[in-house]
Amino acid sequence: MWFPGLIIIFAIAWYLAYREAGANAWIALVAGSMAAITFGASLPWHLSIPLWLAAAALVLLLGVPKIRQQLLAKKLLALFHKAVPAMSDTEREALEAGSIWWDAELFSGRPNWDKLLNTPRPQLSEQEQAFLDGPVETLCTMLDDWKITHEDQDLPPEVWNFIREKRFFGLVIPEEYGGLEFSAQAHSAVVMKISSRSIVAAVTVMVPNSLGPGKLLLHYGTQAQRDYYLPRLARGEEIPCFALTGPDAGSDAGALPDTGIVTHGEWEGKTVLGVRLNWEKRYITLGPVATIIGLAFHMYDPEHLLGDKENLGITLALIPGDTPGVTIGARHIPLDIPFQNGPNWGKDVFIPMSQLIGEQEFIGKGWRMLMESLAEGRSISLPALAVGAAKVSSRYTGAYAAIRQQFNMPIGRFEGVEEALARIAGLTYQMDATRKLTLCALDTGEMPSVVSAIVKYHLTERYRQAINDAMDIQAGSGISLGPANLIGRAYQALPIAVTVEGANILTRNMIIFGQGAMRCHPWIIREFSAARNQDSTQAVIDFDHAIFGHIGFFLGNAARSLFLGITRGRLSRSPVTGPARRYYQRLNWMSSAFALAADITMMTLGAALKRKERLSARLGDVLSEMYLTSAVLKQFEDDGCREEDLPLLHWACAHSFHRMQESLRLLARNLPFRPAGWALRLLLFPSGLPYAPPDDRISHKVAQLLLHPCGSRDRLTQGIFLTDDERFRQGVIEQAFFQAAVTAPIEKTLRNAHHAGLITAEGRIEQAREALEKGLISEEELDDIKKMHLLRRQVITVDSFEDYGKQYLLQPETKISNHVA
């Protein structure tokens, strides 16, 4: 009788934990269990009375808040104060900046899929589409990237003028100020298309529309500041830059050495209250041509001209470039991608209070202002550039693999090349889906700070993988720079994207999970808020609510993770039927597993987790892969669940689930408290490790999408510069690619005939002529082979330069040692 009863009690307890039941449900379970044990097992009084007393004590502790708060919550709060890491003002401001969105659902252990699927589909307005089809298309045809990068090291004057005239610098500025007032979707689409032609032009356009004075003025500027500056920025009369990174501190706000002292000074012939600035900055994009400099600095008021406080905190200002004391340094050349970039500094530069962004109201709030604006910039600009490079790799490296031949067949048929092509296509599908989903969040008013870090890191890292694979496939044609090379500059520019707006190592190891745990976890931020409360009585009450909510959350995820691990998610809810159904169920499992892993890691390490960057990075990787997989599922639904796109869906999901599994496995293996690691491994994967990388069959199907004309290829590469005009390298490749599809069956006929001994010629043209003579192919098919031969030669021919580098050629009488010296 005992064993079945205990099983029933355990099953009910598991169900209550799974459902995150409240205290009343647990009290009822305790009371019911005691009654069943007492009467069902006929316990003697000397055993039943102590059990009832223990149960009564437990019920009082759980069910009476005042008792619980005094006996438990108060002591736990004291322990919490000792265990949690100290938080600086800048860290707190960074955590509070922006908003949480789908990332919080993934952190919950029970994602609400309706919230994801009900997010509006990405789309452009008629005005935005017309701008892409008109001015952006025209700009792309004007750009000669080889001339820009190799000869002029700048955009030509006519391009600068066109960008100003068509208001490319005013993409995000409202129409009332003369801007275009485009959505985040359109902003991203513009940058992505331009980047597929010229990264220099794309960076020039994207910086004023992301983290810069325009964005900051829109959110925080006074009406007078917006009225004056925004029309000038929209028309390109003012070229903005934002000076944040310094030689010693990088972008670490807590260590900014740049200062502003509140004082009186001269401005436009009058003595006014203002700030005297001293700063030194470098790596400032558009800095060499900027007419207005946005600056972040520490502001001090030693004479107490504004009040009692001396250290006023990080503040932002707008400084005209011609202000006395401002110096614009010589240009940097970032990896031979010559967008305008360079240092600037100021010595005893005086500005009035009217030049502070938001004036006195926003003194000391600069770091939060930057974090919220950075969330938007990270979510739009760099992802657009990364996806543009991946789409170029997909379309043109795929085409190259279909055109280029070795051993009388396209190199795309070799399994090694096929594997790399599948990776390019699968990652591009993931990247574009993630870009679109994130832009949907921005266009609905979200400022997702954690998501922005995810997309910045993972999209630039996938850009790295895609462009490296493209280089491996194109080989000599990839490394030979010149007008005919469509991937060389994107390869060179990769480290820039990885480095700027938060270096990727820092973003992965410290920001994604470090910020995500605080912002997205349903209880931790409440625990921190309670701990910071100066009212000790209210602090205990708030902490009691938060800590016991957290305990219920933990138990719920432990129960769900174990159950979903045993069933591998099969009995969990999916919002859809069809081929994507199992992926939603698996994400339910991974969400619970991740939330449980995060809690166990934080509980066992406490403040030490801040220093365990590799553990934090692995948790961040799981959260990120869940977000990317959600985006893929959303895009598949938005595209109408096309069967043609199923290989991309299967490849992307298999890739991400395997990465989630490996991150969780390595996390459990490396937890310093080994019993916690063993328990975590059992709870997360009770039925073993189910996920493997994409298999060869899926990779073959994905690669084929890039090797033949099809709708999936067109959807995958939509949004970059496309043309069949032979004046452009893209046009030559497109013509050759489609001709390759025409001649593929003819070439197969020739190969088979040659293998069978029906024809003996060796060259393709000679084989075709012999086949025509023997009636194996038609005259028209011979013409197709000749046309393909010419187009193939055009595609595989790389640029060469007769005069390039003659000054470095060794003359017969010149010794090597002279050049070494």
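Start by selecting Leu143, which counts as buried at 1% relative accessibility (buried means under 20% relative accessible area, exposed over 50%, partly exposed in between, with a 1.4 Å probe and protein chains only). This is a predicted model, in which local features need pLDDT of at least 70 and side-chain atom pairs count only at pLDDT 80 or more, while totals for chains, interfaces and linings use all residues. Residues are numbered from 1 along each chain as its sequence is written, and side-chain values use heavy atoms, with hydrogens and water left out.

Leu143 sits in the loop between α8 (126–142) and α9 (145–152); helices (H or I, at least four residues) and strands (E, at least two) are DSSP runs, numbered from the N terminus. Show its surroundings next. Not counting residues up to four places away in sequence, Leu143 touches Ile148, Leu155, Val159, Ile194, Arg197, Ser198 and Ala201, where contact means heavy atoms within 4.5 Å. For a longer view, add Ser393: the two residues are 250 apart in sequence, and their C-alpha atoms are 19 Å apart in space.

Step back to α8. From first C-alpha to last, the 17 residues of α8 reach 24 Å, close to the 24 Å expected at 1.5 Å a residue (the expected span is 1.5 Å times one less than the number of residues). Centre on Val136 to find a kink of about 30° in α8; the bend at a residue is the angle between axes fitted to the seven residues ending there and the seven starting there. Val136 is also one of the buried residues of α8, along with Glu128, Phe131, Leu132, Pro135, Leu139 and Cys140. An α-helix has 3.6 residues a turn, so residues three or four places apart point the same way. The cover over the buried residues of α8 includes α10 (157–165) and α11.

Two loop residues come next. Select Gln153, in the loop between α9 and α10, then Arg167, in the loop between α10 and α11. Phi is near 55° in Gln153, a positive value in a residue other than glycine, and near 65° in Arg167, again positive in a residue other than glycine. Most residues other than glycine have a negative phi. Gln153 is partly exposed at a relative accessible area of 28%, and Arg167 is partly exposed at 33%.

Follow the chain to Ser195, in helix α11 (residues 184–195). Ser195 counts as buried at 10% relative accessibility. Leaving aside its neighbours within four places in sequence, Ser195 is in contact with Ala202, Ala384, Leu385 and Gly388.

Now select α13 (residues 213–220), a mostly covered helix with 6 of its 8 residues buried. Those buried residues are Pro213, Gly214, Lys215, Leu216, Leu217 and Tyr220.

Move on to strand β5 (residues 311–320), which is largely enclosed by the rest of the structure, because 9 of its 10 residues are buried. Strand β4 (residues 292–300) pairs with β5 in the antiparallel sense over 9 bridges (two strands pair if DSSP finds at least two bridges between them). To see one bridge, select Met299 and its partner in β5, Gly313.

Finish the strand stop with the helix that follows on this route, α16 (415–443), one of the elements that give two or more residues to the lining of the second largest pocket. Within that lining, α16 gives the most, with 7 residues.
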